[in-house]
Amino acid sequence: MASTIPSHALRHLTLTRPWFSKIRCTTSLASSSEDPHQIFPLNADTGSKTGNNSKSQAFFPKKNQVLELECESLAFKGIGVCKVADSGFVLLCNNALPGERFIGRVSRKKGSYAEVTKLKTLSPHWDFVDAPCEYASYCGGCKTQNLSYEAQLRAKEQQVRELVIHVGKFSDKTPDFAHIMKPIVPCDILFHYRNKMEFSFGSQKWLPKELLHEKLDGNDNYALGLHAPGFFDKILNVDKCLLQSEPANKILATVQDSWKDPELGLSPYNVHSHAGFLKHLVLRTGRDMSTGLPELMVNFVTSSYKPEMLKPLVEKISTIPEVVSIMNNVTTSIGNTSVGEEEYTLYGKTTITESLRGLTFQISANSFFQTNTHQAEVLYKLIEDCAGLRGDASEIVLDLFCGTGTIGLTLAKKAKHVYGYEVVAQAVADANKNAKLNGINNTTFVQGDLNKIDENFGKHFPKPDIVISDPNRPGMHMKLIKFLLKLKAPKIVYVSCNPATCARDIDYLCHGAVEQKIKGCYKLRSIQPVDMFPHTPHIECVCLLELC
């Protein structure tokens, strides 16, 4: 029986591997009179307690019940999916992987599905591999690190496929579906691929359950690392991250060795009392364009400007050959932002450089830049191929959510003109700087909120031949979708970091929606999943839509 799936597209994925047993339970087992902590196993006897072999009733678990479960597939954000036989009721469990049998407690019910907290693994999942990172089971950032990379790719590709079918409403029974749905593009570099990592300072160190009895006081309770899953105020102390470059790990180790020295008088920011000095350590890796060697920027985010406090750390870090810039962003905000209200240079340059598709980009402390440079080359080549510019400088490109202009600038050499729109003022300034740096004169970058466009929006540029849309995770606002349907550009290349909202938006563009009073006018030609971040649940997609 098909399950009813919540509106935010946590959909069940059908894997090619056969499913194992599903949960079965009698009505009496599910009754409120039972002990809620009793473990209800897989393949529970479907007869009643009196021994009758009556057919079992559909089982809907109650909050706090402890169940023996088996994960069948992965859903959005890499969440494990378990299904109840008979009722099709869905139970979602974070950190559960396909084929894994485990004991879980129902932590929350949300109508058509429930959330489960994993208590104990009984047998490992399919395609198990040893995770090389010592923090993999705690961190949450690389939640599929102990799943073989081939299995990760299968799960991601299948997830996109299911979303395109169920949310996008494209039938896999049509002859052209196999040509539309492209196989996922893998990433050749599985570790050390991130060019930016943000670590947090904290006054409360997160500890695993087996160490919670330890009493930590003062500096011993300080931590520098990543937020523990589910906690805004506890930090998992990290000495090394396998996703960032080795020089960045050298910097992290240097800071870890020094910052808690009582003689320095440095204190981490406390999110409860709002006292403390150090908030974040942001490490960015670029390349020296003349040598090709890595160059790094270190950004200390602090609650106030006290350069004398940071001087001992700056002196140590600046001896690392790859470090060419040390910045200090100062923010008085009580939130978790790493973008400062003021910025100061403590050492070296104010920017680092990186190359992408033959262009050079200057990256400042708060610039947006594709986090995986190597795979961005692959992604941008796919975007360029989908755009299909003739190369005779006759076509207009509208670049929506343009960021620092990286996509638009890589297309500009073949276009007549590129018009880019972005809400972040600093990103627009960086886009204009990057255009000048690369000698590109046929681009116009404008600050504007694409969620708040009005009827005058289309009057500021000529009708485009190609629209590039690269929205953030929530996807495109309905105002923008309606604008695009009215604009009727011959071609849209939709670049998405969230396949769920991507499927929703291309459904509107292709099929329309009666409730929104819109009529679709595009045909989906291709959708190409791209794995930008191995070992994480994130998926990128490049979609090509052409006007009917």
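Over the ring of which residue does the charged end of Lys279 sit? The legends below take this up first, and they all describe a predicted model.

**View 1. Lys279 and the ring of Tyr269.**
Here is the reply to the opening question: the ring belongs to Tyr269, and its centre is 4.3 Å from the charged end of Lys279. Lys279 turns up again in View 2, as one of the residues in contact with Phe199.

**View 2. Phe199 in the largest nonpolar core.**
This core has 79 residues, and Phe199, Leu281 and Phe300 are the ones that touch the most other members. Helix α7 (residues 373–387) supplies its largest share, with 7 residues. Both domain 2 (196–356) and domain 3 (372–547) contribute to the core, with at least three residues from each. Looking beyond neighbours within four places in sequence, you will find Phe199 in contact with Leu224, Gly225, Leu226, Val238, Cys241, Gln244, Leu252, Lys279, His280, Leu281 and Leu283. Another core lies apart from this one; it has 44 residues, including Phe170, Phe461, Ile527 and Leu545.

**View 3. The aromatic pair of Tyr138 and Trp206.**
Across the whole structure, a search finds 12 aromatic pairs. In the pair of Tyr138 and Trp206, the ring centres are 5.4 Å apart and the planes meet at 55 degrees, so the pair counts as tilted. The two residues come from distant parts of the chain, 68 residues apart: Tyr138 belongs to helix α2 (residues 136–139), while Trp206 is in the loop between β8 (196–202) and β9 (223–227). Tyr138 is partly exposed, with a relative accessible area of 30%, whereas Trp206 is buried because its relative accessibility is 17%, and buried means under 20%.

**View 4. A cluster of aromatic residues.**
Five names to look for here are Tyr419, Tyr421, Phe457, Phe461 and Phe483, which form one aromatic cluster. Phe461 may be familiar from View 2, where it was named among the members of the core of 44 residues.

**View 5. Thr353 and its surroundings in strand β15.**
Thr353 has its place in strand β15, which covers residues 352–356. With a relative accessibility of 10%, Thr353 counts as buried. A polar atom of the Thr353 side chain lies 2.6 Å from the backbone oxygen of Arg287. Which residues does Thr353 touch, not counting those up to four places away in sequence? They are Gly286, Arg287, Asp288, Met289, Glu295, Thr360, Phe361 and Gln362.

Key:
Residues are numbered from 1 along each chain as its sequence is written. This is a predicted model: local features need pLDDT of at least 70, side-chain atom pairs count only at pLDDT 80 or more; totals for chains, interfaces and linings use all residues. Side-chain values use heavy atoms; hydrogens and water are left out. A nonpolar core is a set of buried Ala, Val, Leu, Ile, Met, Phe, Trp, Tyr and Cys residues joined through side-chain atoms within 4.5 Å. Buried means under 20% relative accessible area, exposed over 50%, partly exposed in between (1.4 Å probe, protein chains only). Helices (H or I, at least four residues) and strands (E, at least two) are DSSP runs, numbered from the N terminus. Domain bounds come from an automatic or database domain assignment. Contact means heavy atoms within 4.5 Å. Rings of Phe, Tyr and Trp (its six-membered ring) pair if their centres lie within 6.5 Å; planes under 30 degrees apart count as stacked, over 60 as edge-to-face and the rest as tilted. A charge sits over a ring if NZ of Lys or CZ of Arg is within 6 Å of the ring centre and within 35 degrees of the ring normal. A polar contact is a pair of N or O atoms within 3.5 Å; within protein, one must be able to donate a hydrogen and the other to accept it, and residues adjacent in sequence count only if both atoms are side-chain atoms.
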